[in-house]
Amino acid sequence: MKRFFQPVGKDGSAKKPTLAPPSTDNDKISAEDAAKKQPLKFITWNANSFLLRVKNNWPEFTKFVSSIDPDVIAIQEVRMPAAGSKGGPKNPGELKDDTSSSREEKQIIMRALSSPPFGDYRVWWSLSDSKYAGTALFVKKCLQPQKVFFNLDRKVSKHEPDGRVILAEFETFNLLNTYAPNNGWKEEENSFPRRRKWDKRILEFVLQSSDKPLIWCGDLNVSHEEIDVSHPDFFSAAKVNGYVPPNKEDCGQPGFTLNERKRFGNILKEGKLIDAYRHLHKEKDMEHGFSWSGNPIGKYRGKRMRIDYFVVAEKLKDRIVSCEMHGQGIELQGFYGSDHCPVSLVLSEGDTASKETGLPA
């Protein structure tokens, strides 16, 4: 999606914290943690720069997280660079801190994550070489996954380009956090072919992931049906600089082209997956039913899309208690400075009856 940024300000006045040691794939999970219940409450959010959200929107977002008390928080578009010097090898699992500005930025992040309720979570990062893309996964320390990978191939040390994947394996399910690449507007290397390749790999992944039920969340950068956008005709006819793709099914707003929507539908069908929000919400909701909203100024004012999802295995369908969008309105209430709002999912325990959750809409 087109992004609207504000400048990053300086903030070096606070006392320098003691930085926590970085997480590694090789950390052992204690028997006590492994024996505890599985996560049941989840949040996914494209933060559109985690640093900016910490600097400008942290009290409000902290209050929101405290009200939900999620077991897992999946973040996309972290936009924090990976550790490593310029021109040297990078460590996508650690925040950059080899320059004065990057150390300051890391300290700002670590201070925020040491305060309640975030101190109760362990965090994994998968980062790009620059301030672009990237994902993060927060899991309560008492509910740790058995394994964490950063790629669709489950290779221990590999990170997907731009840090677009975090895969956490729990005892009874797998959780996939992804930031899907934008389809773009043209038949060129970083647009249509890149997205087609991504969708092909996601399909292969879900078809091969039959060992445990899958929960797939994140900014999937696609609106599956017309009900998932506020203005279908506007998005179908959208173009940039008058360019019209050779294939008419590639025409329109990235995320709402027919080819993307068909491929996403095929992934759901072949992978036996359920769109949790649409499973519970059958009607179009012009106020609360979208996760991305255009800038309040300009032609995208009031134009909204649902591109952030919780997709779950069919065998988990009867355990879906709630799946909600937590933002509303043209003025982006509940978006906490991003152009995306958080989305939550609550599952019931095992085969037990659904419980009252009390989540705010």
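## A tour of two sheets, their helices and their cores

Begin by selecting strand 1 (residues 41–46) together with strand 16, which pair in the antiparallel sense over four bridges. If you then pick Thr-44, you will find that its bridge partner in strand 16 is Val-343. Please keep in mind throughout that this is a predicted model.

**The sheet around strand 1**

Widen the selection to the open sheet of six strands, whose order is 5-6-2-1-16-15 and whose pairing is mixed. Its edge strands are strand 5 (121–126) and strand 15, each of which pairs on one side only. As you look across this sheet, neighbouring strands are turned by 10° against each other on average, with direction ignored.

Next, add helix 2 (residues 50–68), which lies across strand 1, strand 2, strand 5 and strand 6 and runs at about 155° to strand 1.

At the edge of the sheet, stop at Met-325, which has its place in strand 15 (residues 320–325). Is this residue buried or exposed? Met-325 counts as buried because its relative accessibility is 2%, under the 20% that sets the limit for buried residues. From Met-325, draw a distance to His-288: their C-alpha atoms are separated by 6.2 Å, although the two residues are 37 residues apart along the chain.

**Aromatic rings**

Now show the side chains of Phe, Tyr and Trp, since the structure holds 22 aromatic pairs. One of these is formed by Phe-42 and Phe-173, an edge-to-face pair with 6.0 Å centre to centre and 75° between the planes. This pair links distant parts of the chain, with Phe-42 in strand 1 and Phe-173 in the loop between strand 8 and strand 9 (174–179), 131 residues apart. Both Phe-42 and Phe-173 are buried.

Move on to Phe-50 and Phe-138, an aromatic pair that is tilted, with 6.1 Å centre to centre and 45° between the planes. Because Phe-50 lies in helix 2 and Phe-138 in strand 6, this pair ties together parts that are 88 residues apart in sequence. Phe-50 is buried, and Phe-138 is buried as well. To see the wider setting, select the cluster that ring pairs build from Trp-45, Phe-50, Trp-58, Phe-61, Phe-64, Phe-118, Trp-125, Phe-138 and Tyr-336.

Two charged side chains are worth selecting before you leave the rings. Arg-164 lies over the face of Tyr-179, at 4.9 Å from the ring centre, and the charged end of Lys-303 sits over the ring of Phe-234, 4.8 Å from its centre.

**The sheet around strand 9**

Select the other open sheet of six strands, which has the order 7-8-9-10-14-11 and mixed pairing. Strand 7 (147–149) and strand 11 (273–275) stand at its edges with a single partner strand each, so that one side of each is left without a neighbour in the sheet. Here neighbouring strands are turned by 15° against each other on average, again with direction ignored.

At one edge, strand 11 pairs with strand 14 in the antiparallel sense over three bridges, and Ile-274 stands opposite Val-312 in strand 14. Two helices can now be added. Helix 4 (residues 192–208) packs on the sheet and touches strand 8, strand 9, strand 10 and strand 11, its direction making about 180° with that of strand 9. Helix 6 (residues 258–270) also packs on the sheet, touching strand 10, strand 11 and strand 14, and its direction makes about 25° with that of strand 14.

Then isolate strand 9, in which six of its six residues are buried. Both of its faces are covered, with Asn-174, Leu-176 and Thr-178 buried on one side and Leu-175, Asn-177 and Tyr-179 buried on the other. Which residues does Asn-177 meet as bridge partners in strand 8 and strand 10? Towards strand 8, which is joined to strand 9 by five antiparallel bridges, Asn-177 is the bridge partner of Ile-166. Towards strand 10, which runs parallel to strand 9 and is joined to it by six bridges, the partner of Asn-177 is Cys-217. A hairpin through four residues joins strand 8 to strand 9.

**The nonpolar cores**

Finish with the largest nonpolar core, which has 32 residues, those with the most contacts inside it being Phe-42, Leu-137, Leu-175, Ile-215, Phe-310 and Leu-345. Among the elements that give two or more residues to this core are strand 2 (72–76), helix 7 (276–280) and strand 15. Another core, of 29 residues, lies apart from it and includes Ala-47, Leu-95, Tyr-121 and Val-123.

Key: Residues are numbered from 1 along each chain as its sequence is written. This is a predicted model: local features need pLDDT of at least 70, side-chain atom pairs count only at pLDDT 80 or more; totals for chains, interfaces and linings use all residues. Side-chain values use heavy atoms; hydrogens and water are left out. Buried means under 20% relative accessible area, exposed over 50%, partly exposed in between (1.4 Å probe, protein chains only). A nonpolar core is a set of buried Ala, Val, Leu, Ile, Met, Phe, Trp, Tyr and Cys residues joined through side-chain atoms within 4.5 Å. Two strands pair if DSSP finds at least two bridges between them. Axes are lines fitted to C-alpha atoms, for helices over the stretch in contact, and angles run from 0 to 180 degrees between N-to-C directions. Contact means heavy atoms within 4.5 Å. Rings of Phe, Tyr and Trp (its six-membered ring) pair if their centres lie within 6.5 Å; planes under 30 degrees apart count as stacked, over 60 as edge-to-face and the rest as tilted. A charge sits over a ring if NZ of Lys or CZ of Arg is within 6 Å of the ring centre and within 35 degrees of the ring normal.
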